[in-house]
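This report describes a single protein chain and then one residue within it. The sequence and structure come first.

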Amino acid sequence: KEGTRGVIELSAKNEAILRGVEDVFGDTDVYEAAPPADAKILLRGQVTKGMTPDSAPADYKKKTVAKVEQGVNDPMMPVAWTREVKNDAGTVNKVLCTTMGSSTDLQSEGFRRLLVNGVFWGLGLDVPAKANVDIVGEFKPTMYGFNGFTKNVKPEAHALK
């Protein structure tokens with residue numbers, strides 16, 4: 001019954017991975033998240049009262065995992081962040097993490113752009129000013145949930161025509 005509005009973290013607004021990213025919205029809930037201290041928060045998730053982009057922010061209180069009661073959007077939880085971690089070989093692994101990503105979340109052009117930009121960033125390539133994230137072919141995501149999948153779908157059903 002609630003959605004996630006992606007709000008760009010002020011300290012990350014000039015990050016290349018956020019180029020052209022606007023209006024991130026997912027019809028999935030915001031999860032409680034605690035990224036590691038070395039994470040760079042990109043987006044925070046504003047819990048909305050409904051599952052559409054025009055839904056108002058939610059305004060109730062809830063208990064956290066630590067049993068602390070707080071406003072559901074106070075603070076807003078991180079929903080996308082990056083890390084750069086030096087590995088044993090001495091090189092750096094670039095990591096993009098998000099708590100979003102259901103098939104229905106991919107209807108959001110802003111979210112698709114974040115993911116595509118993340119690939120450019122992760123590969124060390126220049127992130128375009130506004131990457132093309134148009135959907136190729138027909139895209140009709142099924143709603144998430146228990147037993148919500150479409151049965152008997154074969155890989156060839158996804159071939160572009």
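The sections below cover the model, the chain as a whole and the surroundings of Thr104.

## Basis of the model

The model is predicted, with pLDDT of at least 70 needed for local features and 80 or more for side-chain atom pairs, while totals for chains, interfaces and linings use all residues. Residues are numbered from 1 along each chain as its sequence is written, and side-chain values use heavy atoms, leaving out hydrogens and water.

## The chain

One helix and seven strands form the secondary structure, in the order β-β-β-β-β-β-β-α from the N terminus. Helices (H or I, at least four residues) and strands (E, at least two) are DSSP runs, numbered from the N terminus. The C-alpha trace spans about 50 × 45 × 30 Å along its principal axes.

Of the 161 residues, 34% are buried, meaning under 20% relative accessible area with a 1.4 Å probe, protein chains only. Contact means heavy atoms within 4.5 Å; among contacts between residues at least 6 apart in sequence, 64% join residues at least 24 apart.

## Thr104

Thr104 sits in the loop between strand S7 (92–98) and helix H1 (109–122). Its relative accessible area is 5%, so Thr104 counts as buried.

The side chain of Thr104 makes polar contacts with those of Asp27, at 2.6 Å, and Ser102, at 2.9 Å. A polar contact is a pair of N or O atoms within 3.5 Å; within protein, one must be able to donate a hydrogen and the other to accept it, and residues adjacent in sequence count only if both atoms are side-chain atoms. Leaving aside residues up to four places away in sequence, Thr104 touches Asp27, Pro141, Thr142, Met143 and Tyr144.

Terms used. Buried means under 20% relative accessible area, exposed over 50%, partly exposed in between (1.4 Å probe, protein chains only).
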